[in-house]
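Student: Got a minute to go through this model with me? I'd like to start with the overall fold and then look at the voids.

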Amino acid sequence: MAHCGGSPVSAVELLVGAIASAPAAPEPYAALAELWQDRRSELKESLEEDGSLSAVLAQAYFLFLEEDMDNAVMALGSVTGVRPNVAWGAAPWFGDARFLGAVGAEALAEACLRTLDYGHDLDTDEMRERFAPWFHALDVVSERNPVPESLAAMARLPRACGRYELSFVLCDRADAVNRVMWTAVARATTWRVMGDLDQAAAAFECALLLDSANWSLYLDLADVRAEQGDFAAAASLVEQGLEYEPHEVSLRAAGAAYRTRVSGSSDDLRALIALAPELANTTYRNLLIDYACAGPKLPRRLVAKAHRIRKN
């Protein structure tokens, strides 16, 4: 099968097609390994210039053959991010003891982040099944090489798949080595996705104890307080964040929104209207406008002006 005639790159494309339809089947990998042995320098050159999905998937396997496990897993993460509807992780090499015994926590964490790059919805039974080999890899590597920051980053993949208990296991393993802010944030975000705002707030408070000059943590905790309906606490937390980053537009907008909600101040609503176009995240922008417009005794025309921004 390896000697399909023609260029080795077209042979690679054929084999990757076979892998895509049956990712766990060993035969296409055996043929790829044979190709790699026979035409290595030619393949290396052409694959490095080719950014296509089949080139990157083949490179992932060739890197594994060369025992460069870190770059192999990151390449597989990139392919999985683009097309998570294929169980690329079912590849025999990905569950191989040599791979799981050598890949580093930092590289696996980076690979996990790449699987999330395109914002696909992974919280379904089918996706959980496809990502089962990833969850196994996370379990093995986090136990063997528990680097706290890396484990906190790894926790994002199971969280996106709705495997919350695995996210918490990774956080617990990280904390057993050293308590760092990123782990507290990973824990807080998982609780928040699960809808437990009290636990989320408590975890963000832990994160602030570990990194009290981090403006974005004040904003995260403020947003949770707002979700809980405590807009006065939210406004006060934003003020604390502004002491560290006075020009940050998301802090300024959130502060204006939360103050408007508490006091019904037209000036604060005008400030939010002025800042709104600078907020890149439109979902967050619209949420802040909704919060603010529910403030007491606001002029109707000003509220209408704010609502018009929401529609754009």
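Student: Among contacts in the protein between residues at least 6 apart in sequence, what share join residues at least 24 apart?
Tutor: That share is 63%. Keep in mind that this is a predicted model.

Student: What does the secondary structure come to, in helices and strands?
Tutor: There are 19 helices and 0 strands.

Student: And what box do the C-alpha atoms fill?
Tutor: Roughly 75 × 45 × 35 Å, along the principal axes. The protein has 312 residues, and 48% of them count as buried.

Student: Now pockets. How much space lies in the largest pocket?
Tutor: About 320 Å³. Its lining has 14 residues, and those closest to the centre are Arg156, Arg159, Trp182, Val185 and Thr189.

Student: Which helix gives the most to that lining?
Tutor: H12, with 5 residues. Helices H9 (148–154), H10 (156–160), H12 (181–194) and H14 each supply at least two.

Student: How do the pocket's lining residues divide by type?
Tutor: The lining of the largest pocket has 6 nonpolar, 2 polar and 6 charged residues.

Student: Switching to closed voids. How many cavities of 30 Å³ or more are there?
Tutor: The structure holds 1. The largest cavity has a volume of about 50 Å³. Helix H2 (27–49) and helix H3 (53–65) are the elements that give two or more residues to its lining.

Student: Which of the helices gives the most there?
Tutor: H3, with 3 residues.

Student: What lines the largest cavity, nonpolar or charged residues?
Tutor: The lining has 10 nonpolar residues, with no polar and no charged ones. Among them are Ile19, Tyr29, Leu57, Trp88 and Trp93.

Student: One more topic: helix H18. How far does H18 reach from its first C-alpha to its last?
Tutor: H18 covers residues 282–293 and reaches 16 Å. That is close to the 16 Å expected for its 12 residues at 1.5 Å a residue.

Student: What caps the N-terminal end of H18?
Tutor: Asn281 does. One of its side-chain oxygens lies 3.1 Å from the backbone nitrogen of Thr283.

Student: Which residues of H18 are buried?
Tutor: Tyr284, Arg285, Asn286, Leu288, Ile289, Tyr291, Ala292 and Cys293.

Student: And which helices do those buried residues pack against?
Tutor: H14 (215–227), H15 (231–244), H16 (249–263), H17 (266–275) and H19 (300–311). H14 turns up again from the pocket, where it supplies at least two lining residues.

Notes:
Residues are numbered from 1 along each chain as its sequence is written. This is a predicted model: local features need pLDDT of at least 70, side-chain atom pairs count only at pLDDT 80 or more; totals for chains, interfaces and linings use all residues. Side-chain values use heavy atoms; hydrogens and water are left out. Helices (H or I, at least four residues) and strands (E, at least two) are DSSP runs, numbered from the N terminus. The expected span of a helix is 1.5 Å times one less than its number of residues. Buried means under 20% relative accessible area, exposed over 50%, partly exposed in between (1.4 Å probe, protein chains only). Contact means heavy atoms within 4.5 Å. A polar contact is a pair of N or O atoms within 3.5 Å; within protein, one must be able to donate a hydrogen and the other to accept it, and residues adjacent in sequence count only if both atoms are side-chain atoms. On a 1 Å grid over the protein atoms alone, a cavity is a set of points where a 1.4 Å probe fits but cannot get out, and a pocket is an open set with protein on both sides within 12 Å along at least five of seven lines; lining residues have an atom within 4 Å of a point. Grid points are joined across faces, edges and corners, and a volume is the space filled by probe spheres set on the points. Ala, Val, Leu, Ile, Met, Phe, Trp, Tyr, Cys and Pro count as nonpolar, Asp, Glu, Lys and Arg as charged, and the others, Gly among them, as polar.
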